[in-house]
Amino acid sequence: MNYDQEFVGTVIQIIEFLGTFAFAISGIRHAAAHHFDWFGGFVCGVTVAIGGGTIRDVMLGVTPFWMTSPFYMVCTALAQVFVIVFARSLKRLDNAWFVFDTLGLALFTIAGMQKTIDCGHPLWVAILMGCITGSAGGVIRDIFLNRTALIFKKEIYAMASIAGGLVYWLMLMASFNVGVAATVTFFFICLIRFLAMKYHISLPTLRGEEE
């Protein structure tokens, strides 16, 4: 049992580190597109990287994950160096921000779900917490950038997180180990996002009274 807990803890820690780096790059790229300075880029990157997880941890009544280790700030700083050094290469990749944002969404959805499960909450709560972990940081970022949050538009974003959460839930119910469930869920969320973008799949939009 102790070995299983240690294994799960290690998997989730790796996922959080990778998610932090991916989300930080996404946030910094958005900041660069709006011509923020280096400090503004770091703030935007760290907001995306830790925003959702912070809200999750506060709701779960535990110490926010980034306050237990300086690695998350260091990881964001490395992401900023990466964006600065490879700015021209990333600029030529029009969809680079989309890729990093999708990777972060998938990784943090899994991390949020598993942490909620470890805190003893039911799986339906874990799905919601996974969505918050993966999406809320982007909402805060978009507020900083003075634009409508991505998850409130018709693009498939939060729904991809929820769908992935359902897959993770079903795999755990089917007694798959965390590593396998996390891997399948990661690729499932990424697949939904990539297919939605390629084929312009979206949710219906609400119509106002004037329409």
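Helices α2 and α3 are oblique to each other, a good place to start your tour of this predicted model. Their axes lie 10 Å apart and meet at an angle of about 125°. A second helix pair, α6 and α7, crosses at roughly 140°, and the structure holds zero disulfides. Here is a short guide to the two helix contacts, the cysteines and the residue R141.

**Helices α2 and α3**

- Helix α2 covers residues 38–60, and helix α3 covers residues 71–85.
- The two helices pass each other in a right-handed crossing.
- On the α2 side, the contact is made by W38, G41, F42, G45, V46, A49 and I50.
- On the α3 side, M73, T76, A77, Q80 and I84 take part.
- Sorted by class, this contact has eight nonpolar and four polar residues, with no charged residues.

**Helices α6 and α7**

- Helix α6 spans residues 123–144, while helix α7 runs over residues 158–173.
- Their axes come within 9 Å and cross at roughly 140°, which makes α6 oblique to α7.
- The crossing of α6 with α7 is right-handed.
- From α6, the residues that meet α7 are L123, W124, I127, G130, C131 and S135.
- Their partners in α7 are A158, S161, I162, G165, L166, W169, L172 and M173.
- By class, there are 10 nonpolar and four polar residues in the contact of α6 with α7, and no charged ones.

**Cysteines**

- There are zero disulfides in the structure, and C44 is accordingly in none.
- For C44, the nearest cysteine sulfur belongs to C75 and is 16 Å away.
- C44 is also buried, with a relative accessible area of 1%.
- Why does C131 form no bond with C190? The sulfur of C190, the closest cysteine sulfur to that of C131, is 15 Å away, which is too far for a bond, given that a disulfide needs the two sulfur atoms within 2.5 Å.
- C131 counts as buried at 12% relative accessibility, and this cysteine is one of the α6 residues that meet α7.

**R141**

- R141 lies in helix α6.
- Is R141 buried or exposed? At 2% relative accessibility, R141 counts as buried.
- Leaving aside residues up to four places away in sequence, R141 touches S26, G27, H30, C44, T47, V48, D101, R147 and L150.
- One of these neighbours, C44, is itself buried.

Technical notes. Residues are numbered from 1 along each chain as its sequence is written. This is a predicted model: local features need pLDDT of at least 70, side-chain atom pairs count only at pLDDT 80 or more; totals for chains, interfaces and linings use all residues. Side-chain values use heavy atoms; hydrogens and water are left out. Axes are lines fitted to C-alpha atoms, for helices over the stretch in contact, and angles run from 0 to 180 degrees between N-to-C directions. Helices (H or I, at least four residues) and strands (E, at least two) are DSSP runs, numbered from the N terminus. Angles under 35 degrees count as roughly parallel, over 145 as roughly antiparallel, 65 to 115 as roughly perpendicular and the rest as oblique. A crossing is left-handed if the near helix is turned anticlockwise from the far one by less than a right angle, and right-handed if clockwise. Contact means heavy atoms within 4.5 Å. Ala, Val, Leu, Ile, Met, Phe, Trp, Tyr, Cys and Pro count as nonpolar, Asp, Glu, Lys and Arg as charged, and the others, Gly among them, as polar. Buried means under 20% relative accessible area, exposed over 50%, partly exposed in between (1.4 Å probe, protein chains only).
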